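Here's a quick tour of one protein fold, told the way you might talk it through at the bench. Have the structure open while you read.

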Amino acid sequence: MPPASSVTLRQQRLGAELRKLRERAGLTSTAAAALLGAPQARVSNIEAGRYAVSADRVRTLARNYSAADEAYVDALAGMTGARQRGWWEEYRDKLPTGLLDLAELEHRATAMRVAVTVHMPGLLQTPEHARATMREAVPPLRPYEIEHRVSYRVKRQAVLFEGTPTSYTAIVHEAALRMGFGGPDVARAQLHHLLEMSEEPTVTVLVLPFGQTGFPASGQPITYAAGPVPQLDTVVLDTDHGCEFLDAEAQLQRYRSVLDRMESRARPEPESREIIHRIAAEL
């Protein structure tokens, strides 16, 4: 297969996982290439995500690396093949690449958990709320850039409705409920939308109220996207400079623990809805 022209997060992740398998087997890239009957540069390019690889080649590499976890190998093989042109590709020249990778990650996730302290979860935002928050961007976004991002955010939300909806748990700090982006009318409509979404069978909204004696996170938005097997889970941190994707096992374990602690301190669903109702009535 020829080199990949535009390396996606998915291709990079596949290459990184194959590198992990090789290193666990104690093989150098030169030794792995010899087993494969290919130049060393071929293995390096595959591991960097620069070279498209077939499912059969992934299985051959896994066998050479003595990988015994069949479910994991099957999941890796499922990440191969021609790149599917998802709806996010129409934004490739309009938005940062990290946002496109985020949309694809959400599209393929088997479940998601998010935690936010200032902004509403992206998949639960109304267009008006999204537009209001984007007007606060530094440096300022042009009107057409805002509209591109709003339409992109709305299309991302399809994972909660179309086909088999993705299980989605949102832990929302009370601060986010009270920010009031866009003014009272927009803020009230956003809270009502949050309540409506919380009634969806695959959506859970939990409120972390003021008054807690501790807070187990730094305050930045966290998304934990579950993959087809635990080894392919991904954490996304929403930072001022863009999306940061983490997949090292130590980081996955850390953020699982952070989200577990936040969820344990949040109010149960009925009480969370009452808090949202109360704040909406105050606006």
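What follows covers the sheet, the helices on it, and one loop residue.

Keep in mind that this is a predicted model. Let's start with the sheet. Its 6 strands line up in the order β3-β2-β1-β4-β5-β6, giving an open sheet with mixed pairing. Why does the sheet leave β3 (203-208) and β6 (242-246) with a free side? Those two stand at the edges and have a single partner strand each, so one side of each has no neighbour in the sheet. Going from one strand to the next, the twist averages 15°.

Zooming in on one edge, β2 and β3 run parallel to each other and are joined over 6 bridges. If you want a pair to click on, try Y168, whose bridge partner in β3 is V203.

Now for the helices that meet these strands:

| Helix | Strands met | Angle |
|---|---|---|
| α6 (residues 97-108) | β1 (111-116), β4 (222-226), β5 (234-239) and β6 | about 50° with β6 |
| α11 (residues 249-265) | β1, β2, β3, β4, β5 and β6 | about 65° to β1 |

So much for the sheet; on to the loop. Q157 sits between α8 (143-156) and β2 (167-173), in the loop that links them. Is Q157 buried or exposed? Its relative accessibility is 10%, and the cut-off for buried is under 20%, so Q157 counts as buried. Which residues does Q157 touch, leaving aside neighbours within four places in sequence? The contacts of Q157 are G122, L123, L124 and Q125.

Technical notes:
Residues numbered from 1 in each chain as written. Predicted model: local features only at pLDDT ≥ 70, side-chain atom pairs only at ≥ 80, totals over all residues. Heavy atoms only, no water. Helix = DSSP H or I, 4+ residues; strand = E, 2+ residues; numbered from the N terminus. Buried < 20%, exposed > 50% of the residue type's maximum accessible area, 1.4 Å probe, protein only. Contact = heavy atoms within 4.5 Å. Pairing = 2+ DSSP bridges. Axes fitted to C-alpha atoms, helices over the stretch in contact; angles between N-to-C directions.
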